[in-house]
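User: Please take a close look at the empty space inside this model. I would like one connected account of what lines it, with the cut-offs stated.

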Amino acid sequence: MIDVRAERRLVRKIDLHVYPILFLIYIMSFLDRINISNARIMGMTKDLDLRGNRFNIALFVFFIPFILLEVPSNMVFKKFKPAYYISFLMLSWAIINMCMGFVTTYEGLVVLRFFLGTFEAGVMPGIVYLTSTYYKRHEFQTRMSFFFCSTVIGGAFGGLLAYAIADLDGLNGLAGWRWIFIVEGLMTAAVAIFSAFFIVDWPEKCRFLSPDEKRLLELRLAADGAGSLARMDTLNAYAYQRILTDWKIWLGGLTYMGIGITGYATTFFMPTILLEFGWTARDAQIHTIPVYAVSAVGMVAVAYLSDRLKHRYGFIILGCIISTVGYAMLLCQGGLSSNARYGAVFLVSLGGFVSTPIVLAWLANNVTGQWKRAFSSAIQVALGNIAGIAAALIFRADEAPHYLTGYGTSVALMWFGGVTASLLFAGLLVENRLRDEGKRDVRLNRPKEEVDNMGDYHPSFRFTL
């Protein structure tokens, strides 16, 4: 029998040790990924001759290593102390980011963006994997959304910082946009060194929990979703089969890809879109902040409801509907005022950011076993980041200010994610009913070494809808 008060104390202790430093790390990760959009409207386009689709290509090239290296990174991540691995990645991309402040050619910018994607690739899947090992399934959504607030805070802070850094224009002969990369790179390097001392280790090795607390953590996780039976602690041929043929992982990844288009489009192009509303570059930077603030509040509120109701799917569709209203206004913006179009940006951002962390937590809720979690989080994030490639290419300069291709493709991809989420929901619902009726118990007749390494394929596991 688990002591409820002791369990609450344990969860509070885990919250205070696990998330704060990861939250700060991902703020810097997101800031360094999107600061190119702030630099674009402060003179970088002219200085580096980013004519035509050159800016889009600079965005696009980031995602080549970012997608390809996420799964291999999580395989390596499991074998290292998280603090050393994540801090190394962070310091590396901080140096790359500072170098972008001194780049003099378009080709140099593209090369640096490629290496930025290389070192940022392992951060998000690694964090999802690490944090999922500390929490029960229906505690994870609220925390994942709180964590994802780091993206909107990063976006808002990026706009505010770019607004302030504009005053450095000309200092030491460097343009203001160059100082964006230099200052933010230095900040990231400082956080990387600091974080090496504060990122937690794997639960069985962590030093902030006593032996009794580790045992309590093990018990509470085992009691959640048949964790003591649904395990996958050995990576062998059977485990690879279970991972690679799991339809949940692939549908979860496609859902993340579709839903994620809005977040990427917003962060990459919002400063440019707001500039088209008639504001100056500095005013456009500052007007991004309220959009991100509203998205952050909505994200946490919806996450709280999702965990309370132990339900995910309906809230994903709610986010799609909210964004659709905003996209419809922007697609038909001809007769709308600047204030109305600005309001549409709020709706697009809110719907997209509300849904994204739910998609990540939903798949994490529905896989179990160490290796299954490692692969599923990496595969989902890798597939999802294909949306970043799409977002980088669909907002074409020759379509400003209406961006029909950008808005139209975004809403279509978002509802592609809505459809795959519906398929995932239906599949999980059917699978739960089959297990309740005992129609999956035949799996228990397989060899013991397979039964003990099934993960969520084990008939005792029940899925979150």
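Analyst: **Lining of the largest cavity**

In this predicted model, five helices each supply at least two residues of the lining of the largest cavity: H1 (4-47), H7 (137-165), H11 (247-275), H14 (338-365) and H15 (370-384). Helices here are DSSP runs of H or I of at least four residues, and strands are runs of E of at least two, both numbered from the N terminus. A cavity is a set of points on a 1 Å grid over the protein atoms alone where a 1.4 Å probe fits but cannot get out; a pocket is an open set with protein on both sides within 12 Å along at least five of seven lines; lining residues have an atom within 4 Å of a point.

Residues are numbered from 1 along each chain as its sequence is written. For this predicted model, local features need pLDDT of at least 70 and side-chain atom pairs count only at pLDDT 80 or more, while totals for chains, interfaces and linings use all residues, and side-chain values use heavy atoms, with hydrogens and water left out.

The largest cavity holds about 180 Å³ of space, a volume being the space filled by probe spheres set on the points, which are joined across faces, edges and corners. Its lining has 17 residues, and Phe30, Phe148, Tyr256, Tyr264 and Thr356 lie nearest the centre. H11 gives the most to this lining, with four residues. By residue type, the lining of the largest cavity contains nine nonpolar, six polar and two charged residues. In that split, Ala, Val, Leu, Ile, Met, Phe, Trp, Tyr, Cys and Pro are nonpolar, Asp, Glu, Lys and Arg are charged, and the others, Gly among them, are polar.

Phe148, one of the residues nearest the centre of the largest cavity, is also touched by Met299 (contact means heavy atoms within 4.5 Å). Beyond four places in sequence, the contacts of Met299 are Ser145, Phe148, Cys149, Val152, Phe353, Val354 and Pro357. Met299 sits in helix H12 and is buried, at a relative accessible area of 0%. For that area, buried means under 20%, exposed over 50% and partly exposed in between, with a 1.4 Å probe and protein chains only. Between the C-alpha atoms of Met299 and Gly427, which are 128 residues apart along the chain, the separation is 26 Å.

Ser295 also belongs to helix H12, residues 281-309. Ser295 is buried, with a relative accessible area of 0%, and beyond four places in sequence it touches Val152, Ser349, Leu350 and Phe353. Val152 and Phe353 therefore appear among the contacts of Ser295 and among those of Met299. The side chain of Ser295 makes a polar contact with the side chain of Ser349 at 2.7 Å. Such a contact is a pair of N or O atoms within 3.5 Å; within protein, one must be able to donate a hydrogen and the other to accept it, and residues adjacent in sequence count only if both atoms are side-chain atoms.

The largest cavity belongs to a set of five cavities of 30 Å³ or more. In the second largest cavity there is about 110 Å³ of space. Its lining consists of Ala265, Thr266, Met270, Ile273, Tyr327, Leu330, Val345, Val348, Phe395 and Tyr407. Two or more of these residues come from each of H11, helix H13 (313-331) and H14. H11 is again the main contributor, with four residues. By type, this lining has nine nonpolar residues, one polar and no charged.

H1 also takes part in an open space, the second largest pocket, with about 300 Å³. That pocket is lined by 17 residues, and Phe197, Phe198, Ile199, Val200 and Arg207 are the closest to its centre. H1 and helix H4 (82-100) each give two or more lining residues, with the largest share, four residues, from H1. Twelve of the pocket's lining residues are nonpolar, one is polar and four are charged.

Val200 is among the contacts of Val18, which also touches Thr131, Tyr134, Tyr135 and Phe208 beyond four places in sequence. Asn97 lies in helix H4 and is buried, with a relative accessible area of 0%. Neighbours within four places aside, Asn97 is in contact with Asp32, Asn35, Phe181, Glu184 and Gly185.
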